[in-house]
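The exercises below are meant to be worked through with the sequence and the 3D view side by side. Each task is followed by a solution that goes step by step.

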Amino acid sequence: MTATALKAAMEAGELSSREATEAYLTAIEEREKDIRAYLTITPKTALAQADAADKRRGRGEALSPLDGIPGAIKDNICTKNVRTTCASRMLENFVPPYDATVMGKLSGIAMLGKLNMDEFAMGSSTENSFYQITHNPRDLSRVPGGSSGGSAAAVAAGEAAFALGSDTGGSIRQPAAFCGVVGLKPTYGVVSRFGLIAFASSLDQIGTLTRDVRDGALLLNAIAGHDPKDATSVKREYSDFGAQIGREIRGMRVALPKEYFGEGLHPEVKEAVLAAAKKLEGQGAEIVETSMPSLEHALAAYYVISCAEASSNLARFDGVKYGFRAEGYENINELYDKSRSEGFGREVKRRILLGSFVLSAGYYDAYYKKAMQVRTLVKRDFDRILSENDLILSPVAPTAAYKIGEKIDDPLTMYMGDAYTVPVNIAGLPAVSLPCGTDGAGLPVGAQLIGKPFSEAEILRAAYVLEKEAAI
Ligand code: GLN
C-alpha cells in the first residue's frame with residue numbers, strides 16, 4: 001500500500017499502525033535475505049512507536065502527517081540512539097546523541113530501520129557500502145542504483161512504506177529510476193540538512209523515495225521548512241506540495257534539451273522518455289525542443305566541486321573525536337594516518353585525494369575555480385530554459401539498472417552515469433524521477449522532471465499526469 005492509503009485506512013479505523021508495522025516487519029524478514037536493503041533493523045522501536053501512534057489516534061491526536069506509518073531512513077541521517085554508519089567502517093559503532101531535524105519532523109512514524117547506501121553517499125550502485133551489497137528487487141542480479149540504493153530497494157520491495165534518502169548528484173533520483181519508484185529531490189534549502197552527515201554541503205539535500213507521486217508530496221509536506229540549525233535552509237512558508245496534483249497540464253511548456261538525448265543514452269531509455277513526452281503532449285502540454293550547451297561540462301564540474309567539499313567535510317574523521325580508531329600507532333600522525341587508511345574505503349579515499357588535489361595551491365584556479373565558473377554557466381542555462389518553459393523533461397540515467405559487479409572496477413564509467421542528474425544539484429533545483437516505462441529486459445526506466453526553484457508542486461502535478469498515463 002502507499003503511505004497515503006495506509007494513512008486513510010488508519011484514519012478510517014480499518015487498520016492499526018501495529019498491524020501495518022507487523023506486516024512490514026514480516027516482509028523484511030521474508031525478503032531481506034534476497035534484497036539486503038537494511039543495515040540496521042529496529043523492530044522493537046518500530047512496534048513501540050506503532051503502539052504509541054495507535055493510542056494517539058484513539059485520542060484523536062497525531063504528531064505528524066505520517067503518524068503511525070512504517071518507514072525507513074538512509075543511514076547517513078542521524079537517528080538518536082540508533083546506529084548511523086554512513087555504510088562506512090569509520091562509523092561502524094557511531095550512535096548519534098541527537099536526531100536530524102527531519103527525524104523530528106517525522107516524529108510519530110514507526111521507524112523500521114536504517115538503509116544501506118554507498119559509503120558516505122559516494123557512488124551510484126550501493127556497491128561501495130562497507131557492509132553488504134543491496135540487490136535490485138526488480139532483478140536480483142542487478143544493482144539498485146545509488147547512493148540511496150537501500151532506500152529505493154526497500155520501497156520497491158515493500159519493505160517500507162516510504163524512505164528518506166539524500167541527493168548530492170542524483171542519489172535519490174537514479175536509484176528510484178533503477179528500482180521503479182518515485183524519487184523527489186527538493187530545491188536546495190527546502191529541507192534542513194541538520195543531522196545529515198555531510199558529503200558536499202553546497203549540493204546535498206534530503207528527499208523522498210515513495211511508491212507514488214502523491215506519497216512524495218505527503219512526505220515532503222512533513223519534512224520541509226526553515227530550520228535555524230541549518231544556515232542554508234530557506235526562510236519561507238510552504239503551501240501543500242500536493243495541492244496541484246489532479247489538475248490538468250494543458251498549456252504547460254515542457255522543454256527537451258537536445259543534449260540530454262545525445263550520445264551515450266541507451267536507445268531503449270531514449271525511446272521510453274520520448275514516449276513520456278508524447279504522453280504529456282497528449283494531455284495538452286506543449287513540448288519544446290531546446291538546447292543546454294553547458295550540460296557536457298556539468299559532470300566534470302560536479303566531480304571537482306563535490307570532491308573538494310568532501311575532502312574538507314571528511315577531515316573530521318581523524319580517529320580522535322569519534323568513529324573508528326586504528327590500533328598500534330606510535331604518535332598522533334600515525335593515529336590519523338592509520339585510522340583514515342583503515343576506516344575509509346577505496347572510493348572515499350579516491351575522492352578525498354581528488355578533492356585535496358583540486359584545492360591545492362597551484363591547481364586551485366585550474367580546477368576548482370574553473371568548476372565554479374561552469375557552475376555559473378549551468379545555472380544560467382537552466383534560468384534561460386526555465387524562464388521560457390515550465391519544466392524540463394529528461395532521462396534520469398543513460399541506462400536501466402546494470403549487473404552487480406559490471407562497473408565497480410571502472411569508476412569513470414560509473415561517474416558518467418551521473419551526467420543527467422548532477423546539473424540539477426549544481427543549480428540547486430528541484431526534480432523528480434518517476435517510472436515511465438520499461439526496457440527490452442522489462443527493467444524500469446525513469447523520467448526526470450526538473451523545475452524552477454520552489455516549483456515542487458508544479459513538478460508533482462506533471463509527474464502525477466505522467467504516472468497515470470504510464471500506467472495505462
Ligand atoms: N553518484 C553520484 C556520486 O557518486 C551522486 C552521489 C550522491 O548524490 N550522493 O557522487
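This is a predicted model, in which local features need pLDDT of at least 70 and side-chain atom pairs count only at pLDDT 80 or more, while totals for chains, interfaces and linings use all residues. Residues are numbered from 1 along each chain as its sequence is written, and side-chain values use heavy atoms, with hydrogens and water left out.

**Exercise 1.** Find the polar contacts listed here between the ligand and Gly170, Gly169 and Arg351, and describe the surroundings of the ligand.

*Solution.* Begin with the backbone of Gly170, where an N or O atom lies 3.3 Å from an oxygen atom of the ligand; a polar contact is a pair of N or O atoms within 3.5 Å. Next, turn to Gly169, which has a polar backbone atom 2.6 Å from a ligand oxygen. Then take Arg351, whose side chain places a polar atom 2.7 Å from an oxygen atom of the ligand. Of the 290 Å² of accessible area that the ligand has on its own, the protein covers 99% (Shrake-Rupley method, 1.4 Å probe). Finally, look at the whole shell: 15 residues surround the ligand, and Thr168, Gly169, Ser171, Tyr302 and Arg351 are the closest, where being near means having a heavy atom within 4 Å. The shell divides into 5 nonpolar, 7 polar and 3 charged residues, with Ala, Val, Leu, Ile, Met, Phe, Trp, Tyr, Cys and Pro counted as nonpolar, Asp, Glu, Lys and Arg as charged, and the others, Gly among them, as polar.

**Exercise 2.** Locate Ala87 and Phe454, and decide for each whether the residue is buried or partly exposed.

*Solution.* Start with Ala87, in the loop between strand E2 (70-74) and helix H4 (101-105); helices (H or I, at least four residues) and strands (E, at least two) are DSSP runs, numbered from the N terminus. Phi of Ala87 is positive, near 55°, and the residue is buried, because its relative accessible area is 0% (buried means under 20%, exposed over 50%, partly exposed in between; 1.4 Å probe, protein chains only). Phe454 lies in the loop between strand E11 (444-451) and helix H15 (456-471), and has a positive phi of about 65°. With a relative accessible area of 26%, Phe454 is partly exposed. Most residues other than glycine have a negative phi.

**Exercise 3.** Which kind of peptide bond joins Gly146 and Ser147?

*Solution.* The bond is cis, with omega about 10°, and Ser147 belongs to the loop between strand E3 (110-115) and helix H5 (149-156).

How values were computed
A polar contact is a pair of N or O atoms within 3.5 Å; within protein, one must be able to donate a hydrogen and the other to accept it, and residues adjacent in sequence count only if both atoms are side-chain atoms.
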